[in-house]
Amino acid sequence: MLKWIHSNLTISLSSQAFVLHQHTRWWSKTSQLVTQNLAPAKTVDHFQSHCEQITRAIHLNNLTGCATTLVISDELVRQWVVEPPQNVESLDDLKAAVSARFQALYGDSPAAWQIEADWKTDRPFLASAIPKNLAVALDGLAKKCQLEWRQIAPHSVMLFNRWRNILPPNTWMVTFENGRLSLTVTNAQRVVGAYRHISCEASEIATEQNFIKLLNREALRMNLPSPKQVYFPRIWTEFNWLQHTTDKNVSFNVLSIIYPDVISLVPAMELASSGA
Amino acid sequence: MQTIDIEFAPKTPVHALLKAGVASVVLSLVALCMVVGLGIYVSLVDQVTEGLLEENLMLEQQTNALQSDKKKTDKNTKNNTNQQALTSVASQLNLPWGELLRAFDSRASNQVALLEFNPDTNTHLIKIVAEARNSAQMTNYIEGLKKLKVIDDIKLTHHEINTTEPLLPIRFELEAYWVGAFPR
């Protein structure tokens, strides 16, 4: 009863695995980590199958009733930037603009997606969408395990929010997850000015020069100047060259090295993303 | 840098509480309770202070009234004392000295001399000091006084031979009660 007041559970979900990380607050600081590969779905609705496996793991480890944060892997999410229309009168105008942009970018009907956005009327804003059958499966998971949702958000959004106070203006923040890059660009007003979520080949990120070429190409696509300052939350194994950078035009910074005392908000996501 | 506010969690009261932070909400409630409690306390203190001030005012008024009464009482007492003194003086003045002296003196022969005559108007006691040539004369005088109807319970309280006089008279003191009120 009221376990959610003092007990937190973080679920990190990717297409291959999930991680449960439980930690209690205040008087008894205990921690429990459960990592499990997702079995192939037996039904057409594979999100339903994933959530059933998570439900079993939660009951098995007596983690029901916790306040829960769900970190969704970027590969399960669609994210894009929307320019707000002029003379916006209501939230419905913004929602219509977001749906139109979604359809133009992906060619799908937005009806099968649950769309949420960082609604802004005066500047471009980021929108995200998760499949509706994932949202329905998560509702069922919360009911079966008596979970109280604290937050459900994409991995790159959570990482950006974690480090947002440290990032200077006009910088690029790069997050990497399972072959996918998320590029968040801040403007001079220190808000998100542009966002790209792309798949990349291993060769494109294997060396510093190749990665700079990729960044310059994306800058052209977003109609932005070439990046001067690039921030990484941590060094992924694919980016080992970050330890010995040579380019003098672009400054690469690793936040976990600059600020070693700041603990990553979602450490379990790395495990889930790697499918350990 | 502003937060990217993207949230897929259903908007429920518990979600809002968790997002705001349970500890901060609890602290806010505690702070609110403290503010309300402080307000109630200040209100109660005000009420008590007001009550005390009113009580103090009432006591002050009562004290003033009592002081006023006391002044009046003192004035009345003083008036009474003055009245009694005046009455006493009037009684003394109205005492028929001449008649009394004549009554006592008439019983004294040429062998007895009346030296002092002290009547008390409150107790009706009369003290007399006299001298007689000898004890027989003193006895005759006392016997003569006993025949007077206006005095009663006559007593010889003291007598001695006055050696300072060449004829050695007997000095004696008498007490007697005046019967009836003094004439006013």
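The following exercises, each with a worked solution, concern a predicted model of two chains, A and B.

Residues are numbered from 1 along each chain as its sequence is written, while chains are lettered from A and ligands numbered from 1 in the order in which they are written. Because the model is predicted, local features need pLDDT of at least 70 and side-chain atom pairs count only at pLDDT 80 or more, whereas totals for chains, interfaces and linings use all residues.

**Exercise 1. Confidence**

Task: State the mean pLDDT of chain A, and identify the elements of chain A with the lowest and highest mean pLDDT.

Solution. The score pLDDT is the predictor's confidence in each residue, from 0 to 100. Chain A averages 83, and 88% of the residues score at least 70. Of the elements of chain A, helix H7 (residues 267-274) has the lowest mean, 50, and E6(A) has the highest, 95. Over residues 263-267 of chain A the pLDDT is below 50. For the complex, the predictor gives an ipTM of 0.80 and a pTM of 0.61.

**Exercise 2. Elements and burial**

Task: Describe the secondary structure of each chain and the percentage of its residues that are buried.

Solution. Helices (H or I, at least four residues) and strands (E, at least two) are DSSP runs, numbered from the N terminus. Chain A has 7 helices and 13 strands. Chain B has 4 helices and 4 strands, in the order α-α-α-β-β-α-β-β from the N terminus on. A residue is buried if 20 or more other C-beta atoms lie within 10 Å of its own, exposed if 12 or fewer, and partly exposed in between, with C-beta atoms placed from the backbone. Buried residues make up 34% of the 276 residues in chain A and 9% of the 184 residues of chain B.

**Exercise 3. Helix H2 of chain A**

Task: Determine whether the buried residues of H2(A) line one face or are spread around the helix.

Solution. Begin with the length: the expected span is 1.5 Å times one less than the number of residues. The 16 residues of H2(A) (residues 91-106) should therefore span 22 Å, and the end C-alpha atoms are 22 Å apart, which agrees. Next, A:Leu94, A:Val98 and A:Phe102 are buried. Seen down the helix axis, the buried residues of H2(A) fall within an arc of 75°, so they line one face; the arc is that of the directions from the axis to the C-beta atoms. An α-helix has 3.6 residues a turn, so residues three or four places apart point the same way.

The face turned away from the buried side carries the exposed residues A:Asp92, A:Gln103 and A:Ala104. A:Leu91, also in helix H2 of chain A, counts as exposed because it has 11 C-beta neighbours inside 10 Å. Finally, A:Gly107, just after H2(A), takes a positive phi of about 75°.

**Exercise 4. Contact between the chains**

Task: Characterise the side of chain B that touches chain A.

Solution. Two residues are in contact if their C-beta atoms, placed from the backbone, lie within 7 Å. The contact takes 15 residues from chain B and 27 residues from chain A. Helix H1 (residues 13-20) of chain B supplies the largest share of the chain B side, 4 residues. By type, that side divides into 9 nonpolar, 3 polar and 3 charged residues. Here Ala, Val, Leu, Ile, Met, Phe, Trp, Tyr, Cys and Pro count as nonpolar, Asp, Glu, Lys and Arg as charged, and the others, Gly among them, as polar.
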